[in-house]
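Please load the model in your viewer, with residue labels and secondary structure switched on, and follow the stops below in order. The tour moves from enclosed spaces to an open one, and then to single residues worth selecting.

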Amino acid sequence: MNDRRKFELIIGTFDAERFWRDPNLAKLPSFHDPEMENIVMAMDELLFPFCEAQDRLITRYRMNDCHKEYLHEIGFEFLSNSTDLESPDVGSVGRTANIFDLLTSVDRMADMDHLLDGARLSPFAVIPGADRTAARYGLEQDFPAIETVQTVNSKLYSTELNRRLDLQCDSQTVYSPEELLASGLTLLNQGPFLIKDEFGVSGKGNLLIESEAILQRVTSYVADQCSKGKTVRFIIEPFLRKELDFSCQFHIDPDGTYRHISVQQLVNHNFAYQGSYTADDRLLHMLQEAKYFDVMKRAAHELYRSGYHGDVCVDSMLLTDGRIVPIVEVNARRSMSLIKHYVDRYLKKHDTAGSMTHATLQFASDVSFDQLLESLDREGVLYKPDRGFGILPLSANTLLINKVVSECKGIRNKQVKGRLYYSLIQGEWGNERLTAKVKEVLSSLSFKIAR
């Protein structure tokens, strides 16, 4: 009998919600940011911590050679594609958004068949095309049907789940501009409130309403789409004063078994993810006292009854009045906090731990990623196991993608946006000193920190 572990094929996209969302639904106002869209397309390189020895990671754009070499040197083992699935310069109009569509294009995969042979498909999130890719390449797979995944990821499902579990829930769903205005005005009498898109994602799809004037403008925006045939379906709820955001990661096995993974405290800014760090003892004690983990088990049971199994990240809140909101929303997929947990699993082997964050940077110089690694190393803050502390860069393409796009168009020295994701391992230095040193290195290379 062969007990050899099946190689995992790790692949995914970080804007899965757009593939679950009904395109006929009306949208909330938002700012279009092509540079940020490019960064999101390059975020799949962040999936490498899920890989064990000889697992395969396929990314839209091939990983930076210097970054990959660094990761291999410090002990991460994985294989990855050596060519791009799609050229970075195609732009948002010509880009194939769904990475699984790229994988099933005959001409894209000629040099990658060795990565696919005999592997088990392990997607970041189950989106349309995942099952087609598995069938096309004979990949082992055991994920739920896309229709199930779509259902349980809807904020409508999270709202209904709260009610099913007899948890306090002040959310309501509105189905027309008139209902949005009337119910919104009622909520405004009590204070600010949120309008949520059914499949809103980090920083987009959540709108804070603090005045009647803003509500009137949003209602008008929605009504205009409604007149063009769009369907209205938003969740509205009071804006709660929170002390902190946190999330619980767990896994539901195919037989329904619940497996707790971790609790991560979150740093959010304007509803957008900024970072994760391991929950402290104070929070964990509060959660035990409030029987929070019993709620998570019950939620997992309901998800399983709905046909879902796999990774889950439940977003939760601790309010300023001490009340815990166990289920803000359900993310039936892997998550940034789960990536952080897997980085910590690696760090634990070296008797240390880290927090995960990112820096959004503006730059126009021709700086390369190997120059960044060299500078961090020279200043003694690039993480290495024998050093025991420093910055562990988790991405390179997200930093440089917009520079590459500009150069593909023949434009040089244009200021572009990039984002560097990294784990901060404090060690003997402490968080403030290490963060200051990292900023100093970035500034010396002409990176301007935007946030």
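Begin by selecting Asp170, Ser171, Glu237, Val325 and Ile327, which among the 19 lining residues of the largest cavity lie nearest its centre. The elements to colour next are helix H9 (155–164), strand E8 (234–238) and strand E13 (324–331), since these are the ones that give two or more residues to the lining of the largest cavity. What you are looking at is a predicted model, and in it this cavity has a volume of about 260 Å³. Its lining residues divide into eight nonpolar, five polar and six charged. The structure holds three cavities of 30 Å³ or more, and the next stop is another of them.

For the second largest cavity, select Phe363, Ala364, Ser365 and Asp366 together with Lys403, Ser406 and Glu407, and then add Ile411, Arg412, Asn413, Lys414 and Val416, which completes the set of residues that line this space. The second largest cavity holds about 60 Å³. Helix H16 (residues 397–408) supplies the largest share of its lining, namely three residues. By class, the residues around the second largest cavity are four nonpolar, three polar and five charged.

Now turn from cavities to pockets, and select Arg120, Ser122, His251, Asp311 and Arg334, which lie nearest the centre of the second largest pocket out of the 32 residues that line it. This pocket encloses about 650 Å³ of space. Which elements should be shown around it, each with at least two residues in the lining? They are the strands E1 (8–11), E4 (120–123), E9 (242–252), E10 (258–269) and E12 (310–319), along with helix H14 (336–348). The largest share, four residues, comes from E4. If you colour the lining of the second largest pocket by residue class, you should find 15 nonpolar, five polar and 12 charged residues.

Keep helix H14 on screen and select Ser337, which is found in that helix. Is Ser337 buried or exposed? With a relative accessible area of 3%, Ser337 is buried. Two polar contacts of its side chain can be drawn as dashed lines: one of 3.1 Å to the side chain of Ser276, and one of 3.4 Å to the side chain of Ser247. Expanding the selection to contacting residues, and leaving aside those up to four places away in sequence, brings in Ser247, Gln249, Gln264, Leu266 and Ser276.

Next, go to Ile74, in the loop between helix H3 (65–73) and strand E3 (78–80). Ile74 is buried, with a relative accessible area of 6%. Outside the residues up to four places away in sequence, Ile74 touches Tyr346, His350, Tyr383, Pro385 and Leu392. A distance label between the C-alpha atoms of Ile74 and Leu392 should read 9.8 Å, although the two residues are 318 apart in sequence.

Two loop residues deserve a look at their backbone angles. Gln54, in the loop between helix H2 (34–41) and strand E2 (55–57), has a phi near 70°, which is a positive value in a residue other than glycine. Gln54 is partly exposed, at a relative accessible area of 37%. Asp351, in the loop between H14 and strand E14 (355–363), likewise has a positive phi in a residue other than glycine, here near 55°. Asp351 counts as exposed, at 76% relative accessibility.

Finish with the cysteines, starting from Cys313, which is buried with a relative accessible area of 4%. Why does Cys313 have no bond to the closest cysteine sulfur, that of Cys248? The two sulfurs are 8.1 Å apart, which is too far for a bond, given that a disulfide requires sulfur atoms within 2.5 Å. Under this rule the count of disulfides comes to zero. As a last selection, take Cys226, which is partly exposed with a relative accessible area of 33%.

Key:
Residues are numbered from 1 along each chain as its sequence is written. This is a predicted model: local features need pLDDT of at least 70, side-chain atom pairs count only at pLDDT 80 or more; totals for chains, interfaces and linings use all residues. Side-chain values use heavy atoms; hydrogens and water are left out. Buried means under 20% relative accessible area, exposed over 50%, partly exposed in between (1.4 Å probe, protein chains only). On a 1 Å grid over the protein atoms alone, a cavity is a set of points where a 1.4 Å probe fits but cannot get out, and a pocket is an open set with protein on both sides within 12 Å along at least five of seven lines; lining residues have an atom within 4 Å of a point. Grid points are joined across faces, edges and corners, and a volume is the space filled by probe spheres set on the points. Ala, Val, Leu, Ile, Met, Phe, Trp, Tyr, Cys and Pro count as nonpolar, Asp, Glu, Lys and Arg as charged, and the others, Gly among them, as polar. A polar contact is a pair of N or O atoms within 3.5 Å; within protein, one must be able to donate a hydrogen and the other to accept it, and residues adjacent in sequence count only if both atoms are side-chain atoms. Contact means heavy atoms within 4.5 Å.
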